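Trainee: I am new to this structure and would like to learn how to read it with care. Could we go through it feature by feature?

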Amino acid sequence: MEQGKQGVMVAKFLPNQNPIEQLQARYKELETGFRAWLAKQSLPVEAAIVTVTSAAQGAAIGAFMGTLTNDAASPIPTPPQANLNPQAMASLKQAQALSGGPLVQARNFAVMTGVNAGISCVMKRLRGKEDVQSSMVAAFGSGAMFSLVSGMGGPNLAANAVTSGLFFALVQGGLFQLGQKFSQPPTEDLYYAKTRSLLSNLGLQNYEKNFKRGLLTDATLPLLTDSALRDVKIPPGPRLLILDHIQRDPELKGKRGR
């Protein structure tokens, strides 16, 4: 009987975990351990492993994308080379490279992702940080190698490789900057910390913008009057709640009487 009670207590305190959540937690644990092990390796070893694993992921994505494009469009026929000038032949090769089947796209994506990840790894080790410059260098190498292996080089192989690299670098640099901008949390306005707390406690957080518009900072809380709140277009009901709260707050009331 006592053991049964203990079993019920254990069941109460141990939640039934979702199998998918358990797998995700296990995967996260393995990933963290792998990253910790990888960080202890020498630069060549780390760069090689990162390049190979990223290339394998890119190849899988490319093969899938190649299957979709193969189903959506018929292969581009290759006319006799004698009927085409060098520029037209280069354009045809570019189109064939971009619309190739699973194997072609697997190769292209493997090169792009592998080179990008490898260069990023080296740059991060050498510079000690991951910034827009490192991102653009990695993208340049990725774009240049993609141009070379995909047959998009044409007669001006080196020039087109540099052009593709620059295009990749500019695009990835812009995306990196956008990601940095939107991933950073909004900065906390220190001048409105108490005001924000007061309004939140009263359920009036929507009026914070009114306070900021009227420059009613934390320093002005003990000085607030009905007319001041009216000037920033706060309705009568919220005005009464705010003034009553200030009147009841010992700290603000003490400052108000000075």
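Mentor: Let us begin with a single residue, Lys233, which is exposed, with a relative accessible area of 65%; buried means under 20% relative accessible area, exposed over 50%, and partly exposed in between, with a 1.4 Å probe and protein chains only. This is a predicted model, in which local features need pLDDT of at least 70 and side-chain atom pairs count only at pLDDT 80 or more, while totals for chains, interfaces and linings use all residues. Residues are numbered from 1 along each chain as its sequence is written, and side-chain values use heavy atoms, with hydrogens and water left out.

Trainee: Where does Lys233 lie, and what is its phi?

Mentor: Most residues other than glycine have a negative phi. Lys233, although not a glycine, has a positive phi of about 65 degrees, and it lies in the loop between H10 and H11. Helices here are DSSP runs of H or I with at least four residues, strands are runs of E with at least two, and both are numbered from the N terminus. Leu215 is another residue other than glycine with a positive phi, near 55 degrees; it lies in the loop between helix H9 (208-213) and H10 and is exposed, with a relative accessible area of 63%.

Trainee: How many helices and strands does the protein have?

Mentor: The protein has twelve helices and zero strands. Of its 258 residues, 28% count as buried.

Trainee: How should I read the confidence, and which helix has the lowest mean value?

Mentor: pLDDT is the predictor's confidence in each residue, from 0 to 100. The protein averages 79, and 74% of the residues score at least 70. Among the elements, helix H1 (residues 2-13) has the lowest mean pLDDT, 47, and helix H10 (residues 226-231) the highest, 94. Over residues 1-14 the pLDDT stays under 50, and the model has zero contacts for them beyond four places in sequence, where contact means heavy atoms within 4.5 Å. Residues 72-76 also have a pLDDT below 50, but this stretch has four contacts in the model beyond near neighbours in sequence.

Trainee: Which residues of helix H8 are buried?

Mentor: In H8 (residues 193-202), the buried residues are Thr195, Leu198 and Leu199. Seen down the axis of H8, they fall within an arc of 90 degrees, so they line one face of the helix; the arc is that of the directions from the helix axis to the C-beta atoms.

Trainee: At what angle do the axes of H8 and H11 cross?

Mentor: Axes are lines fitted to C-alpha atoms, for helices over the stretch in contact, and angles run from 0 to 180 degrees between N-to-C directions. The axes of H8 and helix H11 (residues 236-248) come within 11 Å and cross at roughly 115 degrees. Leu198, Leu199 and Leu202 of H8 make the contact with Leu241, Ile242, His245 and Ile246 of H11.

Trainee: Is Ala106 buried or exposed, and with which residues is it in contact?

Mentor: Ala106 lies in helix H5 (residues 102-127) and counts as buried, at 13% relative accessibility. Leaving aside neighbours within four places in sequence, Ala106 is in contact with Gly58, Ala59, Gly62 and Ala63. Ala106 and Ala63 are 43 residues apart in sequence, and 4.5 Å apart in space from C-alpha to C-alpha.
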